[in-house]
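Reader: Hello! I would like a close look at one part of this protein: the main nonpolar core and the helices that build it. Could you walk me through it in one go?

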Amino acid sequence: MPKYYEDKEEDTRACAGVREDFKACLLQHDCVVKLNPSIECLKEGHCKALQTSFFECKRSLLDTRSRFRGRKGY
């Protein structure tokens, strides 16, 4: 689940919870902390489940069938 803090503004954009979790997961890995954040860190497979969830959530925004099914993600 997303980590919410009291002093932080609530993000009302679509897929905000998945985006926040994906960002937090990436920032915990040495590849991003020591090196430049680049596409190479994503290719190594870190946070693959959250990356897939974020992609599915963003894709559901463009899917016209989501009017009936609702957005994916949280």
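Author: Happy to; here is a walk from the whole chain to the core and then to a few residues around it.

Please keep in mind that this is a predicted model. The protein has five helices and zero strands, so its elements read α-α-α-α-α from the N terminus on. Of its 74 residues, 26% are buried. The accessible surface is about 6,100 Å², and carbon and sulfur atoms hold 54% of that. Among contacts with a separation of 6 or more, 46% link residues 24 or more positions apart.

Now to the part you asked about. The largest nonpolar core is made of twelve residues: A14, C15, V18, F22, C25, L26, C31, V32, C41, C47, F54 and C57. Three helices each supply at least two residues of this core: α1 (16–27), α2 (30–34) and α4 (48–62). The biggest contribution comes from α1, with four residues. As general background, nonpolar side chains tend to be buried together in soluble globular proteins.

Since α1 gives the most to the core, let us stay with that helix for a moment. Helix α1 has twelve residues, and from its first C-alpha to its last it reaches 16 Å, close to the 16 Å expected at 1.5 Å a residue. Its buried residues are A16, G17, V18, E20, D21, F22, C25 and L26. You will notice that E20 and D21 appear among these buried positions. The buried residues of α1 pack against α2, α3 (39–43) and α4.

One contact in the core deserves your attention if you like ring geometry. The count of aromatic pairs comes to one. That pair is F22 with F54, and it is stacked, with 6.1 Å centre to centre and 25° between the planes. Because F22 belongs to helix α1 and F54 to helix α4, the pair ties together parts that are 32 residues apart in sequence. F22 has a relative accessible area of 12%, which is why it counts as buried.

Next, look at two of the cysteines in the core. C15 lies in the segment before α1, and its relative accessible area of 2% makes it buried. The backbone is worth a glance here too: C15 has a positive phi of about 65° although it is not a glycine. For comparison, most residues other than glycine have a negative phi. C31 is found in helix α2, and at 9% relative accessibility it also counts as buried. C31 and H46 are 15 residues apart in sequence, while their C-alpha atoms are 9.2 Å apart in space.

Finally, a charged pair on α4, the helix that carries F54. The structure holds one salt bridge, in which the side chains of R59 and E56 meet at 3.0 Å, N to O. Both residues lie in helix α4, three residues apart, or about one turn of the helix. R59 has 45% relative accessibility and so counts as partly exposed. E56 is also partly exposed, because its relative accessibility is 21% and the cut-off for buried is under 20%. In general, side chains of opposite charge can pair when their charged atoms come close.

To put the picture together: α1, α2 and α4 each supply at least two residues of the core, F22 and F54 stack between α1 and α4, and α4 also holds the salt bridge partners R59 and E56.

Key: Residues numbered from 1 in each chain as written. Predicted model: local features only at pLDDT ≥ 70, side-chain atom pairs only at ≥ 80, totals over all residues. Heavy atoms only, no water. Core = buried A, V, L, I, M, F, W, Y, C linked by side-chain atoms within 4.5 Å. Buried < 20%, exposed > 50% of the residue type's maximum accessible area, 1.4 Å probe, protein only. Expected span 1.5 Å × (residues − 1). Contact = heavy atoms within 4.5 Å. Areas by Shrake-Rupley, 256 points an atom, 1.4 Å probe, with all protein chains shown as cover. Salt bridge = Lys/Arg side-chain N within 4 Å of Asp/Glu carboxyl O. Phe/Tyr/Trp six-rings, centres within 6.5 Å; stacked < 30°, edge-to-face > 60°.
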